[in-house]
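Please open the model in your viewer and keep the selection panel at hand. The stops below take in pockets and helix packing.

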Amino acid sequence: MIYTVTVNPALDYVLQLEKVNSGEVNRTNNDAFLAGGKGINVSQILNQLSVDNIAWGFVGGFTGKELVRQLNQKRIESDFVTISDNTRVNVKIHAEKETEINAAGPNITDQEITAFKDRLNDLKEGDIVVMSGSLTPSLPTDFYQSLLPTIKEAGAEFVVDTTGQALLDTLEYKPLVIKPNHHELADLFGVTFDFSDVMLEYAQKLLDMGAQNVMVSMAGEGGFLLTKDHVYHAKGAVGTAVNSVGAGDSMIAGFVGTYYKTQDPKEGFRIGMACGAATAFTKDIAVKSQIDAVLPQIKVEQIS
């Protein structure tokens with residue numbers, strides 16, 4: 001089984017209007033509540049790839065019930081810990097400019113944290129846990145890292161979609177894949193680079209530090225995959241990028257879901273690139289037909 005973890009999901013309240021006049025009453029042309037969260041995005045793509053998965057995390061209150069209702073509508077299986085506080089609401093305003101107001105998130109008690117960690121007792125060899133998204137202020141900053149020993153002891157694999165020191169701290173536990181973009185990769189080592197050969201030297205360092213696979217995304221310029229045996233490159237798909245939200249989640253989902261079925265990182269990279277591009281080319285998380293339309297463009301070349 002693949003488990004996706006979204007510890008701070010949200011109902012995104014999306015408002016569409018022509019213009020926002022500060023200090024005045026504004027009326028929307030359209031509005032909607034949408035279930036949001038990086039791990040939930042991963043689950044959506046896994047469902048499109050027909051890969052079984054269960055969404056884990058914390059939900060509470062009437063907002064949490066609505067979030068779960070929407071996931072059920074999309075046939076996303078979930079097993080959230082129910083908390084006493086309300087799941088947060090984020091406000092997304094689409095006018096002349098896009099404005100986001102994100103809530104910090106609910107308070108999660110020690111008892112609720114323990115209930116979540118009890119979920120890990122169900123893990124077995126071959127499972128994959130994908131942890132994505134921000135933490136609530138009440139969770140310790142090393143929350144994700146604190147789960148890793150239990151995951152590895154069960155013989156399961158894990159992915160933590162994070163950056164900076166938090167990413168480096170996971171490497172000793174040998175994550176299945178990490179996915180920095182080229183800017184994040186440079187920031188990890190406090191350097192700048194312009195050429196892919198220099199960039200690949202730093203990506204190799206992440207392999208040497210423990211990552212099993214390293215994907216480096218470069219938006220429209222494509223991406224690289226480094227495994228213990230080979231380096232692969234794929235050019236970016238041709239299309240009009242209209243959405244950056246969820247593209248990285250989609251790329252991870254494509255890799256993880258395909259690797260889970262095939263144990264082939266190269267094929268995981270190909271599908272991951274297609275999923276990321278398909279989401280970038282649409283206003284929401286891509287569906288299977290959109291992924292299939294992009295897939296023929298993705299050509300993976302072994303460069304070493």
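Begin by selecting Lys179, Asn181, Ser217, Ala247 and Gly248, which lie nearest the centre of the second largest pocket, a pocket lined by 41 residues. Here a pocket is found on a 1 Å grid over the protein atoms alone, as an open set of points where a 1.4 Å probe fits, with protein on both sides within 12 Å along at least five of seven lines, and a lining residue has an atom within 4 Å of a point. To widen the selection, add helix 4 (143-153), strand 9 (157-161), helix 6 (182-189), helix 8 (247-262) and helix 9 (265-280), the elements that give two or more residues to the lining of the second largest pocket. Helices (H or I, at least four residues) and strands (E, at least two) are DSSP runs, numbered from the N terminus. The volume of the second largest pocket is about 920 Å³, where a volume is the space filled by probe spheres set on the points, and grid points are joined across faces, edges and corners. Coloured by class, the lining of the second largest pocket shows 15 nonpolar, 19 polar and seven charged residues; Ala, Val, Leu, Ile, Met, Phe, Trp, Tyr, Cys and Pro count as nonpolar, Asp, Glu, Lys and Arg as charged, and the others, Gly among them, as polar.

A note on the model belongs here: it is predicted, with local features needing pLDDT of at least 70 and side-chain atom pairs counting only at pLDDT 80 or more, while totals for chains, interfaces and linings use all residues. Residues are numbered from 1 along each chain as its sequence is written, and side-chain values use heavy atoms, with hydrogens and water left out.

Next, select Asp12, Lys92, Glu100, Asn243 and Val245, which lie nearest the centre of the largest pocket, whose lining has 37 residues. The largest pocket has a volume of about 1200 Å³, and its lining divides into eight nonpolar, 18 polar and 11 charged residues. Strand 3 gives the largest share of this lining, six residues, and the elements that each supply at least two residues include strand 2 (10-16), strand 3 (30-36) and helix 1 (38-48).

Now show helix 8 together with helix 9, which pack at an angle of about 150° with their axes 7 Å apart; axes are lines fitted to C-alpha atoms over the stretch in contact, and angles run from 0 to 180 degrees between N-to-C directions. Helix 8 is therefore roughly antiparallel to helix 9, given that angles under 35 degrees count as roughly parallel, over 145 as roughly antiparallel, 65 to 115 as roughly perpendicular and the rest as oblique. Among the residues in contact (heavy atoms within 4.5 Å) are Met251, Phe255 and Tyr259 of helix 8 and Phe269, Ile271 and Met273 of helix 9. By class, this contact of helix 8 with helix 9 has 10 nonpolar, seven polar and one charged residues.

Keep helix 8 on screen and add helix 1: the axes of the two come within 8 Å and cross at roughly 50°, so helix 1 and helix 8 are oblique to each other. The contact includes Val42, Ile45 and Leu46 of helix 1 and Ala253, Gly254 and Gly257 of helix 8.

Finally, select helix 3 (residues 110-119) and helix 4, which pack at about 40° with their axes 11 Å apart, so that helix 3 is oblique to helix 4. Ile113, Phe116 and Lys117 in helix 3 meet Phe143, Ser146 and Leu147 in helix 4.
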